[in-house]
Amino acid sequence: MIDGDLRSRVRRHLEFIYPAMRTDRLVDDVLSTLGLDGTEGAAEGGPRWDEHDVAVITYADSITEAGKVPMQTMHELLDDLTGDVVSVVHVLPFYPASSDGGFAITDHRAVDPRLGAWEDISDLSETYTVMADLVVNHVSADHPWMEQFCSGEEPGSRYLLTAEPSDDLSSVVRPRTTPLLREVETPDGPRLLWCTFSYDQIDLDFAEPEVLLDLLRTVARLVDAGVRWFRLDAIAYLWKELGTSCVNLPQTHEFVRLLRTLLDARCPESVIITETNVPHDQNVAYWGDGDEAHLVYNFSLPPLVAHTMLSGSSVAMQQWLEKLETPPAGTSFFNFIASHDGIGLRPVEGLLSVAEINRLIAAAHSAGGTHSEFDTPAGPKAYELNVSLWDLFAGDGDPLGVAQFLAAHTIMLSLAGVPALYVHALLGTPSYWTPISEPPRIVTEHGLPPVEQNKRTINRRKVTLDEAVDLLGAQDGIRRRTLVELVHRMLIRRAQPAFHPDSPQVSLDLGPQALGVMRGDAQRGQTVVSATNVGHTLLTVDLEVLSSLCPPDSAGRQFGEVGCVDLLDGAPHGPSDRVNLASGQTVWLCLESERREPAHAHRPPAAHLSST
């Protein structure tokens, strides 16, 4: 028997999205598609994350080994790259695709045989929590629906989003500067298809309920394969309506609520993560009232951390932290500072000045990278930095740059939310220009222009195992030592309850050269103060002053009144000590009685790589 409350909630979601249609049959179809037609009520899921959780973002073939299936190599090497401190693996699109690093998908329910098989995803899920992409906005121009559309055949003839020559699209906001519309020939004459991202990525028309059902079939396939975390790629652009910006529309938010309701019933331990590279207030709106995404990408963090470390000033980031909202219960941030995409600049609109953003752009170019733009009604505007994080901070192996690279990650590990590290940041991979300089793939149908070259390829390099070994050993092994130290910090972090993603966070103003936060409280049984010298000269932190900035715990104790210990190096400090911090140095201070030791000894990372 179907749970009546579940049915009524699904009905309400669908009536909001499709107000002009009778939804009785659609409710049945939605529930049966996810195997919920016999549901009497879902069991409550347990905690979705804690301080032990750290994610790694990687392509299935970011590192390959001769004679092995890439997914199997990835599985074997994850433990060797990061030891056993990683719990979540975001495997970037592993579906058959034609471009855009796998985000122009030709079959959403298949695994690219060059990468592996569904069994490999299931095997990975036995060791890690697997996070996968739901690319909801579009399909590849090589998808069967495109061929059907151009031939006037079902169902593709109804599934792709079209426009009329007379449509006013002047208010549309999108993350590219290429033409929005693509003309194709059909039996009924020329038609215009909507292409938010590129001519090789054709937008879907979610006003057609069958498109929703097809997406839910993909969700069901992923659940069956063991995927539990679902990244909603480019979700902000799902619903379009003439006369609007066509981004973050109410129907899009309702769609996320619908998916949340369905996954809570189908798989109570599931987690929905929204990927919305938009200004901060629009981004966090995807928490809803705690009924939309469980996690939202903390898109403001990467550019703010980059600005903080490169400028040597914590002012902008400290002001942002002071105003940072507390997520609704059961939700949090997905923190990252590097990924397969660039470092977005839209999320710091209003947080950094135009001059500060321009200095970030100049820094990316000086580091061998570039930047991309997006269309607005007022014309093109800077969208993101395209550069490897290692090059941005430490490309030449300069000790200050290496310290800043490590400090940037340590700041991320200190903040409220689930931290995620990009595999190429772990390796210290340099920017990779070759694919952009090669001739682009030409779309020849109907005399179309070439597909836009993707500047994000700069940070999506594929390396062989031998190349990874050489990379970690380059410059006297500075990358390997940085990786070892980073993993060491993750190991310490996962033992401290104050670093639970939901643990309270208080911003501490330690001056323009320092970034400070206090995590935890008496309820967690621990308080940790993180202080980082983001400046380019020596910094002295007065612990008496630091203690006065920290609110007392529930027992009335002031932090550090009886001294404290640095979790990172074990050094004790008295309540009146002055602690010297070199540029890029962080201390994690807590009371000696509250210190938690890692549960076990940890072997050095990259053991497999070093022995190859």
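**Notebook: rings, barrel, charges, one helix**

I began with two rings: Trp-287 is buried, and Phe-333 is buried as well. I note here that the model is predicted.

**Entry 1. Aromatic pairs**

I asked how many aromatic pairs the structure holds. The count is 14. I picked out Phe-94 and Trp-118, which pair edge-to-face. Their centres lie 5.7 Å apart, with 85 degrees between the planes. Where do the two rings sit in the chain? Phe-94 is in the loop between strand 3 (88-91) and strand 4 (97-99). Trp-118 is in helix 4 (residues 118-125). The pair links distant parts of the chain, 24 residues apart.

I then looked up burial for both. Phe-94 has 0% relative accessibility, so I file this residue as buried. Trp-118 comes out at 11% and therefore also counts as buried.

Next I returned to Trp-287 and Phe-333. They form an edge-to-face aromatic pair, 4.8 Å centre to centre, with 65 degrees between the planes. This pair, too, links distant parts of the chain: 46 residues separate the partners. Trp-287 lies in the loop between helix 9 (280-284) and strand 14 (295-297). Phe-333 belongs to strand 15 (residues 332-335).

**Entry 2. Charges over rings**

I went back to Trp-118 and looked for a charge over the ring. The charged end of Arg-221 sits there, 4.3 Å from the ring centre. So Trp-118, buried at 11%, pairs with Phe-94 and has Arg-221 over its ring. I wrote down a second case. The charged end of Lys-462 sits over the ring of Tyr-59, 3.7 Å from the centre.

**Entry 3. The barrel**

In what order do the strands close into a barrel? I read 1-3-6-12-13-14-15-19, with 8 strands and parallel pairing. From one strand to the next, the twist averages 25 degrees.

I zoomed in on strands 14 and 15. They run parallel and are joined by 3 bridges. Which residue of strand 15 stands opposite Tyr-297? It is Phe-334. These two also belong to one aromatic cluster, together with Phe-299 and Phe-336.

**Entry 4. Salt bridges**

I tallied 35 salt bridges. I followed three of them, then a network.

The first joins Asp-29 to Arg-25, with the closest N and O atoms 3.3 Å apart. Both residues are in helix 2 (residues 24-33). They are 4 residues apart, which means about one helical turn between them. Asp-29 is partly exposed, with a relative accessible area of 21%. The cut-off for buried is under 20%, so Asp-29 at 21% does not count as buried. Arg-25 reaches 61% relative accessibility and counts as exposed.

The second joins Arg-158 to Glu-154, at 2.5 Å from N to O. Arg-158 is partly exposed, with a relative accessible area of 32%.

The third joins Arg-231 to Asp-233, and the closest N and O atoms are 3.1 Å apart. Are these partners buried or exposed? Both are buried.

Last, the network. Salt bridges link Asp-100, Asp-341, Glu-384, Arg-456 and Arg-460.

**Entry 5. Asn-459**

I checked Asn-459 next. Asn-459 lies in the loop between helix 16 (434-437) and strand 20 (463-464). The relative accessible area of Asn-459 is 8%, so I list this residue as buried. What does Asn-459 touch, leaving aside its neighbours within four places in sequence? I found Ser-339, His-340, Asp-341, Val-387, Ser-388, Tyr-422 and His-424. Among these contacts is Asp-341, a member of the salt-bridge network.

**Entry 6. Helix 10**

How many residues of helix 10 (residues 301-311) are buried? I read 9 of its 11, so the helix is mostly covered. The buried residues include Leu-301, Pro-302, Pro-303, Leu-304 and Val-305. Ala-306, His-307, Thr-308 and Met-309 are buried too.

I looked up what these buried residues pack against. The helices are helix 11 (315-323), helix 12 (354-366), helix 13 (389-394) and helix 14 (399-414). The strands are strand 15 and strand 16 (343-344). Strand 15 is thus a packing partner of helix 10 and a strand of the barrel.

I closed with the residue that follows helix 10. This is Gly-312, with a positive phi near 75 degrees.

How values were computed: Residues numbered from 1 in each chain as written. Predicted model: local features only at pLDDT ≥ 70, side-chain atom pairs only at ≥ 80, totals over all residues. Heavy atoms only, no water. Phe/Tyr/Trp six-rings, centres within 6.5 Å; stacked < 30°, edge-to-face > 60°. Helix = DSSP H or I, 4+ residues; strand = E, 2+ residues; numbered from the N terminus. Buried < 20%, exposed > 50% of the residue type's maximum accessible area, 1.4 Å probe, protein only. Lys NZ or Arg CZ within 6 Å of the ring centre and 35° of its normal. Pairing = 2+ DSSP bridges. Axes fitted to C-alpha atoms, helices over the stretch in contact; angles between N-to-C directions. Salt bridge = Lys/Arg side-chain N within 4 Å of Asp/Glu carboxyl O. Contact = heavy atoms within 4.5 Å.
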